[in-house]
Amino acid sequence: MSEQAVAEYRIEDLAHHSGATVRTIRAYQDRGLLPKPERRGRSNVYRDTHLARLRQIADLLDRGYTLASIKELLEAWDAGRGLGGVLGLVAEVHGPWTDEEAARISRAELNERFGGLPDDDAVGEACELGVLERIPGRPDDFLVPSPQELAVAAELYAAGVPLSAITGHLRELRGQVEHIASRFLEFTTEHVFGRYLGQVPPTDADAAEAATMVRRLRPLAQQTVDAELARAMQLFATRHLQRHLGAAGTPQPSGPASVPLPAETVRAVQELVGAEHVGEFVRAATERELQARTMNELARRGGGQRPRPSV
C-alpha cells in the first residue's frame, strides 16, 4: 500500500486488509457488488472506498442477508437514495434484545455448579443449545450468553432435576417461545411495520422511522409474556397444589376447568389456527364431538323403537 494521502491497494493488499479472499473480491466485482478498480497499465488499483464496501458487505452477510438483498441495498445507496436509515434499522434489529450481559465460566466452575464431576455429554448438549459457547483456543473456558439461564439450570439441578430433563424441557420451551416470537412479529408487521417496509429497499426516512418503532416496541413482547406467565403460574400452581395435597373436599373454582393437553397437540392446533385461537378451537371441537355423540345416541334409541316390517 502506498503512503499517499489517498490510499491505494493491489488486490492482494485489499484482500489482506478486508479479510476477503482475492477470489471473493473478483466474484463481488462480477456480481456488481464492488465498483470496478482503476486500471493503471497492467494493474488494477483499489482505494479505501473498495475496502469500506467490502467491510460493509461482510457485516451484512454476518447479519444473515443474502448477496442479492445486499446488492439491492448497495444499489440504492449508489443511486443516492441514502442507506443510513436502512443500516440503522439493521443495527437496531440485530442488536441485543436484553440488558443481560454475557459472562465467562471455567470448566472447573461449571463442574462445581453441576455435581462436581465432569460431564462431557452435558457440556456438549449445552453448547448445542447455545447455553454455553466454546472459546477458540481456550478449551477449559466457556462464554455464557445468558448467565440467568445457566443459573436457572443450576438451581433446578440442585433441587434434584436431572440434567437430561432440564435440557429436554429447554428444547420444548424454546420451540414454544419461538412460536410466540414469530406470532408477535407477524402481528406487529401486519399492523405497524408493513407501512414502512412496503418498498424494497425502504426509503431512508421509512427505515429510520421503523428503527424508532423497533426501539419502542422491543420490550412489549417480553412484558406481555411475563404478565401472562405470572397469571398462568398462579392459576396452575394452585391447582397442582390442591391435587397433590389430595384435597378432595377442597372447594373447586366454579369457573371453567383446566384440562392439560399434550404439547404435540397444542403445537399442531397453534400451527393450524394460531396461538390466540387454541382455546376457541378446542372448545368448538369438543362441542361438535358432544353434539355428534348425542345425535348418534338419539338415532340409536329411535332405531330401537322403530316397528319391524311385517313379513
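Here are some questions and answers about salt bridges, a small sheet, a surface patch and a buried leucine in this predicted model.

Q: Why is the contact between E8 and R47 called a salt bridge?
A: The cut-off is 4 Å from a Lys or Arg side-chain nitrogen to a carboxyl oxygen of Asp or Glu. For E8 and R47 the N to O distance is 3.3 Å, so the pair qualifies. In general, side chains of opposite charge can pair when their charged atoms come close.

Q: What makes E8 and R47 a link between distant parts of the chain?
A: E8 sits in strand β1 (residues 8-9), while R47 belongs to strand β3 (residues 43-47), and 39 residues separate them.

Q: Is E8 buried or exposed, and how do you know?
A: Buried means under 20% relative accessible area. E8 comes in at 12%, so E8 counts as buried. Its partner R47 has 24%, so R47 is partly exposed.

Q: Which residues are linked with E8 and R47 in a network of salt bridges?
A: E38 and R40 join them, so to speak: E8, E38, R40 and R47 are all linked in one network. Across the whole structure, the search turns up 11 salt bridges.

Q: Why is R10 called exposed and D13 buried?
A: Exposed takes over 50% and buried takes under 20%. R10 is at 52%, so R10 is exposed; D13 is at 16%, so D13 is buried. Their side chains meet in a salt bridge, with 3.3 Å from N to O.

Q: What makes the salt bridge between R171 and E125 a tie between separate parts?
A: The side chains of R171 and E125 meet at 3.3 Å, N to O. R171 is in helix α9 (residues 163-191) and E125 is in helix α7 (residues 120-129), so parts 46 residues apart in sequence get tied together. R171 has a relative accessible area of 36%, which makes it partly exposed, and E125 is also partly exposed, at 26%.

Q: How do you know that β2 and β3 pair?
A: Pairing needs at least two bridges. β2 and β3 have 3 bridges, in the antiparallel sense, so they pass. As one example of who faces whom, E38 has V45 in β3 as its bridge partner.

Q: Why are β1 and β2 said to stand at the edges?
A: The open sheet has 3 strands in the order β1-β3-β2, with antiparallel pairing. β1 and β2 (38-40) each have a single partner strand, so each has one side without a neighbour in the sheet. Helix α3 (residues 48-62) lies across β1 and β3, at about 70° to β3.

Q: What makes V225 eligible for the nonpolar surface patch?
A: Patch residues need over 30% relative accessible area. V225 has 35%, so V225 clears that bar. The patch covers about 360 Å² and is made by I180, V225, L229 and M233. Helix α10 (residues 204-244) gives the largest share, 3 residues, and V225 is found in that helix.

Q: Why is L34 called buried?
A: With the cut-off at under 20%, a value of 3% makes L34 buried. L34 lies in the loop between α2 (22-30) and β2.

Q: What is L34 in contact with, beyond its neighbours within four places in sequence?
A: L34 is in contact with I25, Y28, Q29, H50, R53 and L54. As for I57, it is 23 residues from L34 in sequence and 9.3 Å away in space, C-alpha to C-alpha.

How values were computed: Residues are numbered from 1 along each chain as its sequence is written. This is a predicted model: local features need pLDDT of at least 70, side-chain atom pairs count only at pLDDT 80 or more; totals for chains, interfaces and linings use all residues. Side-chain values use heavy atoms; hydrogens and water are left out. Helices (H or I, at least four residues) and strands (E, at least two) are DSSP runs, numbered from the N terminus. Buried means under 20% relative accessible area, exposed over 50%, partly exposed in between (1.4 Å probe, protein chains only). Contact means heavy atoms within 4.5 Å. Axes are lines fitted to C-alpha atoms, for helices over the stretch in contact, and angles run from 0 to 180 degrees between N-to-C directions. Patches are made of residues with over 30% relative accessible area and no salt bridge: like charges are joined within 9 Å, nonpolar side chains (Val, Leu, Ile, Met, Phe, Trp, Tyr) within 5 Å. Accessible areas come from the Shrake-Rupley method with a 1.4 Å probe; for residues, only the protein chains shown count as cover.
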